[in-house]
Amino acid sequence: MTFGFKKRFIAALSFLLVMPVIGTSAPVKAAGESNTPFETEVIVRTVNQFKNKTDVTNFIALSQTYGVDVISMNVKQDEDDEVPSGRVFYQSDIAPIAQGYENFDALQEVVTAAHAAGIKVHAWIPQFHDQEAFLKHPEWQMQALVNGVRIPFKGSNGNEYFVNPIRAEVQQYERSIIQEVIDNYDVDGVVLDWIRFDNYNMDVSDYTVAKYQAQFGYSPLTINFNTDSAKRQQWNEWRTEQIGEYVGDIREDIDQSANPDVQLGVYILPPEFTEVGQNVAKFKDDIDFVAPMAYFDDWDFNSDWVYSTSYGILKDTSDRISGSGAEIVATLDNDWTDDQYQEIYQGIRQNYPGVKRLSFFAYGAWPESELIKIHERETWPTPDWTSPEDEDYAAQLPAGWKARNIGSLPGTVTYSSSNKQFTVSSSSTDIWGNGDQLNYIYQSLRGNAEIVVKVQSFSRLDGWAKAGVMIRETLNHDAKHVDMMLTPENGASFQYRTATTGITADHTTAATAPKWLKLTRSGNTFTGAISSNGTSWQTVGSVQVPMTSKVYIGLAVSNPGDDSRNKAVFGNVKITN
């Protein structure tokens, strides 16, 4: 996994065996009855967690106390931080051993202690992110085409080192490390990571170019990697097939090894990242389990992207492995709110009851407090939990108005009767993509309507915050909607989602607060406009969106920032029906 895809540093993961996904609903439980506990896996970066035998003893004791079932241990360095990627944490005759581990076989110590405590150990082995191999063998370096020039690819930050996944010598070297671990250590599973490219424009080394040209009759260097085309699609399909064949070769290695019962798993990126050449459908018959990274907030998705049956990561993964024996583990972040965990656990139980184990990662050492929280959540959702998204929150508003946080994230509203102004806040939210997170101050009505408002001012809002007027078909986060928004630093935007759970589109224009906004519905035609005086209007956009007669109309605020003192002030609010 690359940090280039994440908003914050979260390292590549290793994953475990779970039961297959079958059916779409869980058994109905009696009121107050608790759920079957999820099994727990923790993913551990060795350089942060295991520096000596005492570290191992202490962590295994904590893991046993808090119900950890599997430890996925980093046996080959994943990132280029404390230790260069490619160095290992066991006694290897093939790969360079990490400094400080020459006389401390971390893998053996963990396997011995964990097995004594009844805990399984998976060897997390990153593949093509490998600084040691990159520097030792320049001919192995992954090449990217940038502005017509081929250069060694070193990641978006210039400090990551990739080797060519297609080159035979690279594959042989990485496979030999896996073989060495299986032959010499009693691990329960091996989990592959970094089995991919980083974008369409790689690898374009002489080796890969010659291999591709021999098969297709033209050089990949003639492809415009920045534009979708039949040739780019052919190129990407070929690359995904090479990755698939590589996983198949590893399966054969395991089957022919001294320990053929070792489970094989693969870490996969979300399906939206087609440019990396990774598709679990290409190797679904060669693996025992697949671990989709379900970090919805890092990918800018709403939380139901994790568990929805109509879109999202578990839906896509389940579809792609259909017909195989591969099983799924949902890999979750460790910094969500309690309501988000309740919602996601409930969604997984109801829609993907075959997922029996959840996996969690810590970039540094695992604090005991986090293990406690994971253990406490094993049977969530709790019987008395209800989603905040399903309820309005209390607010002193004029008659007919209600307030709701759509998307389960925080926001508040106050109303001044003296100057007839609404002051609205929202944090860590956005109106975009397939689902929205916003603070919505609304009324319900039927038929044609118009809402006019003056956005008076912004305070402590992110530059991409949105404040304005909206019409939604429902109060669900993925509802059809149309809005007319003003941002603090990025102009005005007329936005719309024409289908439930569909994408969001927009038209934009330059504008700053204070500004008047107007949104009009006439049948299924919606029109957004802005004005400097509330009299002369500039149309920003118009769109056809089929909606039911009854809709929800009002003031909407979303704000990617987290300053608790943020606010948008609305005045001169008028709704005409």
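Below, a reader asks how the labels put on this predicted model are earned, and the author answers.

Reader: What makes a residue count here, and how is the numbering done?

Author: Residues are numbered from 1 along each chain as its sequence is written, and side-chain values use heavy atoms, with hydrogens and water left out. Since the model is predicted, local features need pLDDT of at least 70 and side-chain atom pairs count only at pLDDT 80 or more, while totals for chains, interfaces and linings use all residues.

Reader: How do you know what confidence the predictor has in the chain?

Author: From pLDDT, the predictor's confidence in each residue, from 0 to 100. The chain has a mean of 91, and 94% of its residues reach 70 or more. Residues 1–28 are another story: pLDDT stays under 50 there. The model still has 125 contacts beyond four places in sequence for that stretch, a contact being heavy atoms within 4.5 Å.

Reader: Why is the chain called as compact as a globular protein of its length?

Author: Start with the inventory: 10 helices and 26 strands, where helices (H or I, at least four residues) and strands (E, at least two) are DSSP runs, numbered from the N terminus. The radius of gyration, taken over C-alpha atoms, is set against a globule rule of 2.2 Å times the number of residues to the power 0.38. For 577 residues that rule gives 25 Å, and the chain comes out close to it at 26 Å, so the label fits. Along the principal axes, the C-alpha trace spans about 80 × 60 × 40 Å. As for who touches whom, take the contacts between residues at least 6 apart in sequence: 72% of them join residues at least 24 apart.

Reader: What makes Thr331 buried and Thr227 partly exposed?

Author: The cut-offs on relative accessible area: buried means under 20%, exposed over 50%, partly exposed in between (1.4 Å probe, protein chains only). Thr331, in strand β10 (residues 330–332), has 0%, so it is buried. Thr227, in the loop between α6 (206–216) and α7 (230–255), has 40%, so it is partly exposed. Over the whole chain, buried residues make up 57% of the 577.

Reader: Why is Asn48 called buried, and which residues is it in contact with?

Author: Its relative accessible area is 18%, so Asn48 passes the test for buried. Asn48 belongs to helix α1 (residues 46–49). Leaving aside neighbours within four places in sequence, its contacts are Glu82, Tyr363, Gly364 and Ala365. Take Gly364: Asn48 is 316 residues from Gly364 in sequence, yet their C-alpha atoms are 5.4 Å apart. Thr331 and Asp478, by comparison, sit 147 residues apart in sequence and 23 Å apart in space, C-alpha to C-alpha.

Reader: What makes the phi angles of Arg460 and Thr501 worth listing?

Author: Each is positive in a residue that is not a glycine: phi is near 60 degrees for Arg460 and about 65 degrees for Thr501. Arg460 is in the loop between β17 (449–459) and β18 (466–472), and its 46% relative accessible area makes it partly exposed. Thr501 is in the loop between β20 (492–497) and β21, and at 16% it is buried.

Reader: How do you know which peptide bonds are cis?

Author: Look at omega. From Met202 to Asp203 it is near -5 degrees, and the bond is cis; Asp203 sits in the loop between β6 (189–193) and α6. Between Ala513 and Pro514 omega is about 0 degrees, and that bond is cis too. Pro514 falls in the loop between β21 (505–509) and β22 (515–522).

Reader: What makes an empty space a cavity, and how many are there of 30 Å³ or more?

Author: On a 1 Å grid over the protein atoms alone, a cavity is a set of points where a 1.4 Å probe fits but cannot get out, and lining residues have an atom within 4 Å of a point. Grid points are joined across faces, edges and corners, and the volume is the space filled by probe spheres set on the points. The count comes to 1 cavity of 30 Å³ or more. The largest cavity holds about 30 Å³ of space, and its lining is Phe38, Glu39, Thr40, Tyr345, Leu358, Phe360, Ile374 and Glu378. The elements giving two or more residues to that lining are β1 (39–44) and β11 (357–361).

Reader: How do you know whether that lining is nonpolar, polar or charged?

Author: By residue type: Ala, Val, Leu, Ile, Met, Phe, Trp, Tyr, Cys and Pro count as nonpolar, Asp, Glu, Lys and Arg as charged, and the others, Gly among them, as polar. The lining of the largest cavity divides into 5 nonpolar, 1 polar and 2 charged.

Key. 1 Å grid on protein atoms, 1.4 Å probe; cavity = no way out; pocket = protein on both sides within 12 Å on 5 of 7 lines; lining within 4 Å.
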